[in-house]
Every structure is written in structure tokens, then in C-alpha cells.
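Here is a relaxed walk through one protein model, taken a piece at a time. Keep the structure open beside you as you read.

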Amino acid sequence: MEQKIIYTNSVAETVDKLVDEIKPVNIVVITDSNTAIYVYPKLAKESKNVADARLITVKSGDINKNIDSLMEIWRGMEAGKCTRKSLAINMGGGVITDMGGFAAATYKRGIKFINIPTTLLSAVDAAVGGKTGINFAGYKNEIGCFCEADAVIISTLYFETLNSHERRSGYAEMIKHGLIKSHKIFNELIEQDVEEIDKEKLLGLLTESVKIKEEIVKADPKESGIRKALNFGHTIGHAFEEHSLKHGNPISHGYAVAFGMITEVILSHLKLDMPTKTLNLLSSYIKEVYGIYEITCDDYPELISYMRHDKKNSTQENINFTLLKDVGEPVINCTASEKEIIAALDIYRDLMGI
């Protein structure tokens, strides 16, 4: 069954229509403690199917995307008498769509599930594409599987609950899609003021962005080829994210990807002659909108260690990157030496004024 991606701000009506089509024996709604307070009641008020479902709530935050929270979800499914004919609705950010999807994919060897991303980041990234999982042993998304939701409802209806930081975090992934797709989309995105986009305009930009990912995922669902283009900015971005968590100054995934994109564009310039014009344009934009992530030379060994553990690597000695020959020209399966990575990190620090 092909995953349905539905772009709408009529969320309750869409949920009820999907439930009528799926005809589950019962429903569980999986959410986090923040979404349960600020967002879930709005949908429950408008959808009888959601109001009557069993609510499973786990603690908010990426730090809780772990085996303990996953077990809480499984226990909730068991207590709710779920069978293989049940339906899970994952409502929340990327932590919930990743972890709830993994729980649904593994419970009774798989039950149907719907994703309702409530953050811009999860709408453009985690909720679509079938990557599910949890963090393990200090590494991001170390345990998981590919399993697409039966449907994903993409909406800006609940984004009013997002603060400026959360909006910008999601917007970074949209910029990534623009960079791997075309100058036109990239330029359109960086010309917008992310704080001033109304929900209808944002839904249009979001739809265009998700369709870029959707097209790539359809061509390569298991990430054996072109889907790796979506990892642009992530090898170094994940290293920044894990470094920030380790040192008690956590940055969100989107911000980490923003800083990772700068560093990987530097690598792209060093290895593939990507134009300096794009590097300067991107670095100026990221610095203005996202600030800087401060690192020193002393952090390099730790950052490179995280990169060596990246899931895309064939071995820990060959660190795998998706780089850009130019905007809209991603090149997958690039490797870089430790010397080249250090040079890129040095230039990143220079550009950021560190």
C-alpha cells in the first residue's frame, strides 16, 4: 500500500475519513507530554475517533527517545488490547513520529499507523519517508527500521503553538531541500522572513518542500542510492547535535543541520569546486537567522568520532557525505579524509567568527 500524504488544514475531518477507510478494531493516540496538553485536546474536540481513542503519553524531548519510552508505548498498546487490526495515530514532533512509528512497526509484527506532525521540523522531515527508530548508546536513531505510515497529514494548523526557535529549526530542513533541488526554490526560501509567513503561505512552501522528499523516497525507499541526497548537512550536523548533548548545551536537530550544511558546503567547495557565491550566501543567512554553534580545535577529535559512527558509513574509516557540485546537483557517497574535515571545520569557524 502506497503511503498517502495529505496536505490540508482540515485535520479532524481527514482523520475521520481515514479511520472510516481503515476500519480499525480500536485506536491508540501516541503523543508526548507537551502535545498532550497544548495540541491533542483541539483535535480530540473535533474528532470523535480521536476523543474515543486510548491516549499513550511519553515524556517530551529527544533525550526521551529511548528504549524506556518505547516500552511505555508497547505497554500502552498492550493495556489498550491492541491487535494487528488496531490503528496508531502518532501526534507530535519528530521524536513521536520516529518512536511511535517504530512501536507500530514492531508491535504484533506491525499495525497500521498515521502520522500527524505538529512541528514544522517533523512535517518536513521525520514524519515522511518511513524512517523510524530510537536513540541508543548515545547515538542518534541507532535502532530502527524502514516502515512508512499508511498516511501522513501535513498541516500548519497547529504551528501556532511553536515558538520562534522551533519554526526556524523546521525551516532549516526546508532550506536543505531547496539546496538539493534548485536555485529557484533555495532563493525563494531564504528570501522569506520565517517569522512572518502566515499559515496558508507556509503550507504552500511546506507542500513544495515535502514533495521534493516524497519524490526522492519513492525512487529509493531503502536509501540504497539517490535517497542519500536527503542526508546533505546531516553527517556533520548530527555530530554537532551529539556534541551539544554531550556537553550540556543541546541544540535542536534543525539548528544542527543548519550548521552542518555550512560545513558540508565548505567540503563541497574544497572537493567539488562548488561556487563560493553559494557558500557565502548560505553562511551569511545561517549566521543571521540561526546564530553560531561554537567549537574549538579541541572539539575536532570528538566531532570526527561521531562522524565515524554515522549509519551511512560503509566502515568507520570511510566517512560518507552527500555533497553538492552546485545547488540542485547533489553528489552521493563522497568521502573525506580527516585532514579535509579539519580544514572544513577551520573554515566554518572563520566564517562564523569564532
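## Pockets, cavities and a hidden strand

In the second largest pocket, the lining residues split into six nonpolar, three polar and five charged. Keep in mind that this is a predicted model. The pocket in question, the second largest, has a volume of about 260 Å³. There are 14 residues in its lining, and D62, N135, G138, Y139 and L245 are the ones closest to the centre. Three elements each give two or more residues to that lining: β6 (131-136), β7 (139-146) and α11 (234-246). Which element gives the most to the lining of the second largest pocket? That would be α11, with three residues.

Now for the closed spaces. How many cavities of 30 Å³ or more are there? The count comes to two. Here they are next to each other:

| Cavity | Volume | Nonpolar lining residues | Polar lining residues | Charged lining residues |
|---|---|---|---|---|
| Largest cavity | about 90 Å³ | three | three | five |
| Second largest cavity | about 50 Å³ | five | five | one |

Start with the largest cavity. Its lining is made by Y139, K140, E142, T235, H238, A239, E242, Y306, H309, D310 and K311. Both β7 and α11 supply at least two residues each to this lining. Once again α11 gives the most, this time with four residues. Y139 is worth clicking on: it is among the residues closest to the centre of the second largest pocket, and it also lines the largest cavity.

The second largest cavity has its own cast. Around it sit T97, G101, F113, N115, A126, A127, G130, K131, T132, C147 and A149. The elements that give two or more residues here are α6, β5 and β6. So β6 turns up twice, since it also gives two or more residues to the second largest pocket.

One of those cavity residues, C147, brings us to the cysteines. How many disulfides does the model have? The count is zero. For C147 the reason is distance: the closest cysteine sulfur, in C145, is 5.5 Å away, which is too far for a bond because a disulfide needs the two sulfurs within 2.5 Å. C147 has a relative accessibility of 26%, so it counts as partly exposed. Is C334 buried or exposed? With a relative accessibility of 9%, C334 counts as buried.

Next, find strand β4 (residues 87-92). Six of its six residues are buried, so the strand is largely enclosed by the rest of the structure. In a regular strand, side chains alternate between the two faces of the sheet. In β4, L87, I89 and M91 point one way, while A88, N90 and G92 point the other way, and all are buried.

What does β4 pair with? Strand β2 (residues 27-32) runs parallel to β4 and is joined to it by four bridges. Within that pairing, V29 has I89 as its bridge partner. Strand β5 (residues 112-117) also runs parallel to β4, with six bridges joining the two. There, G92 stands opposite P117. Add helix α6 (residues 94-106), and β4, α6 and β5 together make a right-handed β-α-β unit. You have met two of these elements already, as α6 and β5 both help line the second largest cavity.

Finally, a few loop residues. K23 sits in the loop between α1 (11-22) and β2. K23 is not a glycine, yet it has a positive phi of about 55 degrees. It is exposed, with a relative accessible area of 65%. A137, in the loop between β6 and β7, likewise has a positive phi of about 55 degrees without being a glycine. Its relative accessible area is 60%, so A137 is exposed.

Where is E191 found? It lies in the loop between α9 (183-190) and α10 (199-219). At 65% relative accessibility, E191 counts as exposed. Compare that with C334, which counts as buried. The two are 143 residues apart along the chain, and their C-alpha atoms are separated by 30 Å.

Notes: Residues numbered from 1 in each chain as written. Predicted model: local features only at pLDDT ≥ 70, side-chain atom pairs only at ≥ 80, totals over all residues. Heavy atoms only, no water. 1 Å grid on protein atoms, 1.4 Å probe; cavity = no way out; pocket = protein on both sides within 12 Å on 5 of 7 lines; lining within 4 Å. Points joined across faces, edges and corners; volume = space filled by probe spheres on them. Nonpolar A, V, L, I, M, F, W, Y, C, P; charged D, E, K, R; others polar. Buried < 20%, exposed > 50% of the residue type's maximum accessible area, 1.4 Å probe, protein only. Pairing = 2+ DSSP bridges. Right-handed = clockwise from strand over helix to strand, strands pointing away.
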